[in-house]
Amino acid sequence: MTQTRLITVYGRLPGVDDEVGGPIRHGENPASAVVRLFRDEAGLPVVVSAVREVRALITPGVHEDRVTFDVVPAAREGSAGSAPAKAAEPGAESELPRGQRFAAYGFVTDPAGRVLLTEIARGFPGAGRWHLPGGGTDVGEQPSDALLRELYEETGQRGEIVELLGVTHRRSLGLVGPEGYPMNWHAVRALYRVLVSEPSTPSVTEAAGGSTAAAAWFDPGELPGLSVTEVVQWAVSPSATAE
């Protein structure tokens, strides 16, 4: 059976069980999407206060990756932190094939405080830069399960998820990946903190053709000297914006 994949966002007000939400638009910030949906469906301006939960809802024929936010009423629409929705920019992007995926990544450390990173392989966007372990979720797979699977495939390490750090997104316009032609990609990414209690020398175990060229442990002081992705920058300094 072919599974339809959806990425949705929902918001919950304090003391209210019902949630408001729906599908995210291509290229839309998840936090902006929930603000837009509250405005359009409930007529209520809100501010996102935290990420509550990330999970996959799997029903016959549909795989829904859902991000749930805690929200509070805003004094006025457009107030600080309300993350108003922005329309997708028209132009050349409309001529490119669109793709959207949901992914899970981990800020992985060991008991000594070292950070585990993966090097992006040639032929993939960002080739040569250091990235967080993780990747896209499979149909029928929970984000946390996908992350632990990817962690082992890319680094040979077994880890334990400690907490959900947040949700970011990125639209990559015109990049050429393994498809071999330019795409208009939109990725929504759940970011977790992961602990590897018994670290070993990292090794890539996934099948040939994967997006990971190498993996290594780094002391925190080594990170500023590395060429890293914006997701690594976000994980090191969560106040930074990863879009």
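1. Strands E5 and E8. Three bridges join strand E5 to strand E8 (residues 134-136), and the two run antiparallel. One position that fixes the register is Ala103, which stands opposite Gly136 in E8. The model is a predicted one, and the points below should be read with that in mind.

2. Strands E5 and E10. Twelve bridges join E5 to strand E10 (residues 182-195), and here the strands run parallel. Gly99 stands opposite Trp185 in E10.

3. The hairpin of E5 and E6. Strand E6 covers residues 115-120 and pairs with E5 in the antiparallel sense, over two bridges. Val108 has Leu116 in E6 as its bridge partner. Five residues lie between the strands of this hairpin, and Gly113 takes a positive phi near 90° there.

4. Burial of E5. How much of strand E5 is buried? Nine of its twelve residues (98-109) are, so the strand is largely enclosed by the rest of the structure. E5 has pairings with E8, E10 and E6. As a general point, side chains in a regular strand alternate between the two faces of the sheet.

5. Geometry of helix H1. Helix H1 takes in 13 residues, 30-42; at 1.5 Å a residue it should span 18 Å, and its end C-alpha atoms are 18 Å apart, which agrees.

6. Ends and burial of H1. At the start of the helix, a side-chain oxygen of Asn29 comes within 2.9 Å of the backbone nitrogen of Ala31. Just after H1, Gly43 takes a positive phi of about 65°. The buried residues of H1 are Pro30, Ala31, Ser32, Ala33, Val34, Val35, Arg36, Leu37 and Phe38. Ala31 thus appears both in the contact with Asn29 and in the buried set.

7. Salt bridges around Arg66. The structure holds 16 salt bridges. In one of them the side chains of Glu19 and Arg66 meet, at 3.7 Å from N to O. This pair links distant parts of the chain, 47 residues apart: Glu19 is in the loop between strand E1 (4-12) and strand E2 (20-23), while Arg66 is in strand E4 (residues 62-73). Arg66 also meets Glu64 in a salt bridge, at 3.0 Å from N to O.

8. Accessibility of these partners. Which of the three residues are buried, and which partly exposed? Arg66 is buried, because its relative accessible area is 13% and the cut-off for burial is under 20%. Glu64 also counts as buried, at 12% relative accessibility. Glu19 is partly exposed, with a relative accessible area of 26%.

9. The network at Arg149 and Glu150. Arg149 forms a salt bridge with Glu150, and the closest N and O atoms are 3.4 Å apart. Salt bridges that share partners join Asp138, Glu141, Arg149, Glu150 and Glu153 into one network. Within that network, Arg149 is partly exposed, with a relative accessible area of 23%, whereas Glu150 counts as buried at 10% relative accessibility. In general, side chains of opposite charge can pair when their charged atoms come close.

Terms used: Residues numbered from 1 in each chain as written. Predicted model: local features only at pLDDT ≥ 70, side-chain atom pairs only at ≥ 80, totals over all residues. Heavy atoms only, no water. Helix = DSSP H or I, 4+ residues; strand = E, 2+ residues; numbered from the N terminus. Expected span 1.5 Å × (residues − 1). Buried < 20%, exposed > 50% of the residue type's maximum accessible area, 1.4 Å probe, protein only. Polar contact = N/O pair within 3.5 Å; in protein donor to acceptor, adjacent residues only side chain to side chain. Pairing = 2+ DSSP bridges. Salt bridge = Lys/Arg side-chain N within 4 Å of Asp/Glu carboxyl O.
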